[in-house]
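Subject: Structure handover

Hello,

Here is the structure for you to look over. My notes follow below it.

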Amino acid sequence: MLELRYLRDHAETVRRAIRAKQLPEALASLDAVLLADEQRRLLRGDLEALQARRNAASREIGARKQRGEDAEELIREMGEVAAEVKRLEERDASLEAQLRSHLLEIPNVPHESVPYGESEHDNVVVGEHGERLDGAGMRPHWELAEGRGWFDLQAGVTLTGAGFPVFRGAGARLVRGLAAFFLDQLGRQGYEEIAPPLLVNAASATATGQLPDKEGQMYEVSGGFYLIPTSEVSVTNVHRDAILDEDELPLRYCAFTPCFRREAGSYGKEVRGLNRVHQFDKVEMVQFVRPEDSYDALEEMTGTAEGLLEALGLPYRRLLMCTGDMGFTQAKKYDLEVWSPGQERWLEVSSISNMEAFQASRLATRARPGGVDGRGRPRLVHTLNGSALAFPRTIAALLETYQREDGSVALPEALHAYVGTDLLA
RNA sequence: GGAGGGUUGGCUGAGUGGUUGAAAGCGGCGGUCUUGAAAACCGUUGACGGCGCGAGCCGUCCGGGGGUUCGAAUCCCUCACCCUCCGCCA
């Protein structure tokens with residue numbers, strides 16, 4: 001969330017940001033925060049004066065009793081003060097709770113380099129790599145897989161419901177190979193591998209920004225837990241409520257996990273095959289960096305994800321998300337889309353974002369200059385995350401791009417050792 | 001699941017109702033000494049919020065929440081986590 005002090009000093013900037021992000025309902029939240037803040041500061045003036053009086057009187061009572069003097073009158077007097085203090089404290093607590101809940105409803109402010117836009121149509125293509133294959137005669141991945149049994153959508157429907165594909169045989173091996181390939185690549189670039197819990201509590205989901213505003217996107221299970229919609233949630237919360245050593249930044253983590261998303265309201269060709277599913281695998285990158293380094297880190301991470309697509313020989317393009325399409329928590333976000341020749345459309349396989357301090361303030365993740373024992377004041381870190389990469393659409397593009405006349409798929413060389421074959425037949 | 005013990009500042013660890021924001025030690029920072037360093041010695045050293053140009057003043061914080069009291073780190077309730085023992089499971 002944005003910090004209260006920032007909100008007080010930059011209310012207009014935040015109003016513009018809210019409008020640019022197409023979240024007008026947050027304007028009321030901002031007003032509510034500013035009002036509650038003002039009321040609270042007034043209240044605290046009275047409250048603290050009263051507390052000071054009580055503290056002084058209590059000391060005096062203690063002193064008198066020690067001298068064996070009578071303090072009955074003062075005690076009676078303080079009884080009234082104590083009741084008033086209690087009343088004001090309750091009012092203060094209620095204002096603070098209001099403040100906090102509305103604060104959580106205010107989105108992050110886009111970076112100045114982010115273009116204004118109302119929807120996905122206003123995103124800007126900032127680079128394209130590789131030559132798109134002509135779609136003539138190319139089959140979509142679901143037809144290819146159907147013939148060879150690499151994944152079984154019907155079985156998933158039986159087991160669970162639509163959007164839960166069952167990978168099998170060479171398809172399952174491809175999943176495992178891709179995971180190992182991605183993780184190895186990231187490991188080489190200094191990312192520490194994490195195998196996190198797949199269930200998180202509400203505090204974790206709130207810290208990374210899934211709650212309270214995107215509740216409907218997560219599966220909630222009994223015990224008050226949520227299935228992670230991305231390992232960003234698990235991995236970023238590893239340092240919740242922590243003071244890091246600023247000299248040890250950046251911290252780079254990666255994780256291979258399933259992700260669970262309700263994706264309510266999607267239909268039609270958007271969801272054919274592996275285009276959009278409720279459970280999918282993804283390798284995620286997460287970084288904790290010093291504030292002044294976060295935009296360099298964003299470029300670096302995006303480059304890393306692009307490197308994976310290049311290693312797989314898949315044509316892709318990079319999009320800079322406009323203000324209206326970038327999401328609640330982000331300050332700047334790139335999407336990578338891979339070319340799907342069998343469908344003749346672009347498929348989003350990665351999304352890399354800089355949250356600046358937005359998550360860090362909810363996480364209370366700070367870093368102290370000069371080490372944990374140092375004397376410097378801790379300050380909020382910046383957090384970033386990005387997919388490297390999401391599996392189903394990567395697999396779709398791989399199958400379609402490398403398909404042969406007979407419906408088999410010749411894998412790119414980078415995967416041969418990982419999948420244990422150069423051909424899915 | 002049952003019984004007991006514990007959770008205090010960056011760390012170890014005192015403190016069981018009244019100048020305790022908290023002893024002591026370690027660590028950190030500054031200094032003396034030294035060619036330099038170590039050792040020794042001296043000083044200093046929590047966070048957050050509010051007010052003030054400033055020196056400074058006020059408030060809150062001893063795992064979380066609630067209660068008793070004029071006053072709570074200290075008493076009561078509750079929750080979480082850790083440790084020990086018993087049971088159960090792998």
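This is a predicted model. Start at Phe182. Outside its neighbours within four places in sequence, Phe182 is in contact with Val283, Leu308, Leu312, Ala388, Leu389, Phe391 and Thr394.

Phe182 also belongs to the largest nonpolar core, which holds 51 residues. Phe182 is among the members that touch the most others there, along with Leu174, Leu178, Leu399 and Leu424. Which helix gives the most to this core? That is α7, residues 170–188, with 9 residues.

There is a second core, separate from the one above. It has 27 residues, including Ile18, Val33, Ala36 and Val109.

Next, the long axis of helix α3. This helix runs over residues 25–66, 42 residues in total. From first C-alpha to last, α3 reaches 60 Å. At 1.5 Å a residue, 62 Å would be expected, so the two values are close. After α3 comes Gly68, with a positive phi near 75°.

Last, the sheet. It is open, with 3 strands in the order β5-β7-β6 and antiparallel pairing. The edge strands, β5 (199–200) and β6 (220–221), each pair on one side only. Strand β7 covers residues 225–227, and 2 bridges join it to β5. One of the bridge partners to check is Leu199 in β5: its partner in β7 is Leu227.

Best wishes

Note on methods. Residues numbered from 1 in each chain as written. Chains lettered and ligands numbered in written order. Predicted model: local features only at pLDDT ≥ 70, side-chain atom pairs only at ≥ 80, totals over all residues. Heavy atoms only, no water. Helix = DSSP H or I, 4+ residues; strand = E, 2+ residues; numbered from the N terminus. Pairing = 2+ DSSP bridges. Core = buried A, V, L, I, M, F, W, Y, C linked by side-chain atoms within 4.5 Å. Buried < 20%, exposed > 50% of the residue type's maximum accessible area, 1.4 Å probe, protein only. Contact = heavy atoms within 4.5 Å.
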